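Thanks for coming, everyone. I have one model to walk through today. Please take a look at it first.

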Amino acid sequence: MGDFMSQKLIPPFRYAIIEEDVFRGAHPTERNCRFLRRLKLKNMISLTPKKPSKVLLQFCEQENIAVRHFPIPKYKDDIPLTSSQIVQILQMVIDPVNLPVYIHCLDGSNITGLIVMCLRKLQNWNLSVIFTEFSRYTRTNTISSVECEFVESFKAEIEIGQILPRWLWQGNRTTKHPTLKIKLLDPPSPPDDDILLPLPPEPILYPPSSSSTTTTAPT
């Protein structure tokens, strides 16, 4: 994977901090690995048509980072994400167990931006502020009417665990939200013999292997 020591600390294209321990950007390249190592990531959410590059998967294996790949088509005219996918991603991001996390698409722009906009909506941000933030990361510094309408109409049910990060509602669980349905999860209970309902498709998980023999990158 190259000599990490010879590389400068170069962040991925369109890299930014969304909230504490939540980061965004484009698909990382090899020259970004040393920078990403400093973030001490636990998870990487990849929103790309194909699985992440071999270099990135090797890096994540080496650093014990679980890669959760959602096969998302390239962004064209229509929104390539479904509400179900967005809910899955949001519930990963708001669970402190999964943090720190890096969210990326191919170029760190529209697809990643749609996830961030829905997260901001969950945080009760004003829509005009949400749209302004989104526009900062697009090639034309604009947002389309389709993207605006998608976020405005996003009204899914979000399941809230026992513990929240401080940046979401100051860490306080609540069922009150102006546009989204909030479901508070109870503490885990012992399994029973009830029939389980089908779940939405899971992302493709590339967990780090406990038997990895790759060389640890120097600091």
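**The cavity and what surrounds it**

Let me start inside. β1 gives the largest share of the lining of the largest cavity, 3 residues. Keep in mind that this is a predicted model. The cavity count comes to 1 at 30 Å³ or more. The largest cavity holds about 30 Å³ of space. Its lining consists of A16, I17, I18, R24, V116, R120, E133 and Y137. Two elements, β1 and α4 (110–122), each supply at least two residues of that lining.

Now step back to the whole chain. We have 219 residues, and 47% of them are buried. The chain contains 6 helices and 8 strands. Along the sequence they follow the pattern β-β-α-β-α-β-α-β-α-α-α-β-β-β. The accessible surface is about 12200 Å², with 54% of it belonging to carbon and sulfur atoms. On contacts, take those with a separation of 6 or more: 71% of them join residues 24 or more positions apart.

On to the sheet. In what order do the strands of the open sheet run? The order is β1-β2-β5-β3-β4-β8, so 6 strands in a mixed pairing. The edges are β1 (16–19) and β8 (204–206), each pairing on one side only. From one strand to the next, the twist averages 25 degrees. As a reminder, strands of a sheet pair through backbone hydrogen bonds, either parallel or antiparallel.

One pair deserves a slide of its own. Strand β3, residues 43–48, and strand β4, residues 66–71, pair in the parallel sense over 6 bridges. To find the register, look at S46: its bridge partner in β4 is H69. Across this part of the sheet lies helix α3, residues 83–93. α3 lies across β2 (22–25), β3, β4 and β5 (101–104). Against β4, α3 runs at about 165 degrees.

Next, a single residue in the sheet: H104, in strand β5. Is H104 buried or exposed? H104 is buried, because its relative accessible area is 0%, and the cut-off for buried is under 20%. What does H104 touch, leaving out residues up to four places away in sequence? The list is G25, A26, H27, P28, M44, I45, S46, L47, T48, L56 and T112. You will recognise S46, the residue bridged to H69. One distance as well: H104 and I115 are 11 residues apart in sequence and 9.9 Å apart in space, C-alpha to C-alpha.

Last topic, the backbone. Most residues other than glycine have a negative phi, and most peptide bonds are trans. Here are three places to check against that. First stop, the peptide bond between L99 and P100: it is cis, with omega about 0 degrees. P100 is in the loop between α3 and β5.

Then D21. D21 is not a glycine, yet its phi is positive, about 70 degrees. You will find D21 in the loop between β1 and β2. D21 is partly exposed, since its relative accessible area is 30%.

And N141. Phi of N141 is near 60 degrees, again a positive value in a residue other than glycine. N141 sits in the loop between α5 (127–135) and α6 (145–153). With a relative accessible area of 53%, N141 counts as exposed.

That is my tour. Questions, please.

Key: Residues numbered from 1 in each chain as written. Predicted model: local features only at pLDDT ≥ 70, side-chain atom pairs only at ≥ 80, totals over all residues. Heavy atoms only, no water. Pairing = 2+ DSSP bridges. Helix = DSSP H or I, 4+ residues; strand = E, 2+ residues; numbered from the N terminus. Axes fitted to C-alpha atoms, helices over the stretch in contact; angles between N-to-C directions. Contact = heavy atoms within 4.5 Å. Buried < 20%, exposed > 50% of the residue type's maximum accessible area, 1.4 Å probe, protein only. Areas by Shrake-Rupley, 256 points an atom, 1.4 Å probe, with all protein chains shown as cover. 1 Å grid on protein atoms, 1.4 Å probe; cavity = no way out; pocket = protein on both sides within 12 Å on 5 of 7 lines; lining within 4 Å. Points joined across faces, edges and corners; volume = space filled by probe spheres on them.
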